[in-house]
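Please look over the sequence and the structure below, and then read the short report that follows.

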Amino acid sequence: QVQLVESGGGLVQPGGSLRLSCAASGNIFSINNMGWYRQAPGKQRELVTATTRGGSTNYADSVKGRFTISRDNAKRTVYLQMNSLKPEDTAVYYCNADLTVTGYVRRIYWGQGTQVTVSS
């Protein structure tokens with residue numbers, strides 16, 4: 001069974017940092033794009049950042065210069081380093097991965113979500 005497991009969320013004060021991790025497991029043939037989305041209460045889920053297998057990245061304007069996405073293909077893991085956190089970054093953060101799995105089926109998978117709360 002293919003799954004994405006996230007970790008690293010929590011409560012942090014404004015200006016603080018957190019690092020999220022998302023590990024893919026199961027019968028995976030290849031990992032294509034990976035990314036992070038977030039959903040704040042009463043709002044739609046939005047793209048935060050994404051990275052291709054080759055390492056190209058893109059970021060939402062609201063997090064540029066503060067968040068950094070990285071990936072370790074050998075570990076099948078994507079990371080999100082979040083610095084200078086603001087209260088408006090408070091949301092449930094979801095990992096997203098475009099995977100090719102057993103049978104060469106390609107589809108999008110989602111993690112279960114991890115809560116990030118930025119508050120004093």
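## The surroundings of D89

Leaving aside residues up to four places away in sequence, D89 touches R38, R66, F67, S84, V116 and V118 in this predicted model. D89 itself is found in the loop between β8 and β9. Because buried means under 20% relative accessible area, D89 counts as buried at its 1% relative accessibility.

## The nonpolar core

F67, which is among the residues that D89 touches, also belongs to the largest nonpolar core, a set of 29 residues in which L4, W36, F67, M82, Y93 and L99 touch the most other members. The elements that each give two or more residues to this core are β3 (18–25), β4 (28–39), β7, β8, β9 (91–101) and β11 (114–118), and the largest share, six residues, comes from β9.

For L99, again not counting residues up to four places away in sequence, the residues touched are V2, L4, I28, S30, I31, N32, V105, R106, R107 and Y109.

## The open sheet

Four strands, taken in the order β1-β3-β8-β7, form an open sheet in which the pairing is antiparallel. Its edge strands are β1 (3–7) and β7 (67–72), each of which pairs on one side only, and from one strand to the next the twist averages 15°.

Strand β7 is joined by six bridges to strand β8 (residues 77–82), and these two strands run antiparallel. Along this pair, D72 stands opposite T77 in β8.

Conventions:
Residues are numbered from 1 along each chain as its sequence is written. This is a predicted model: local features need pLDDT of at least 70, side-chain atom pairs count only at pLDDT 80 or more; totals for chains, interfaces and linings use all residues. Side-chain values use heavy atoms; hydrogens and water are left out. Two strands pair if DSSP finds at least two bridges between them. Axes are lines fitted to C-alpha atoms, for helices over the stretch in contact, and angles run from 0 to 180 degrees between N-to-C directions. A nonpolar core is a set of buried Ala, Val, Leu, Ile, Met, Phe, Trp, Tyr and Cys residues joined through side-chain atoms within 4.5 Å. Buried means under 20% relative accessible area, exposed over 50%, partly exposed in between (1.4 Å probe, protein chains only). Contact means heavy atoms within 4.5 Å.
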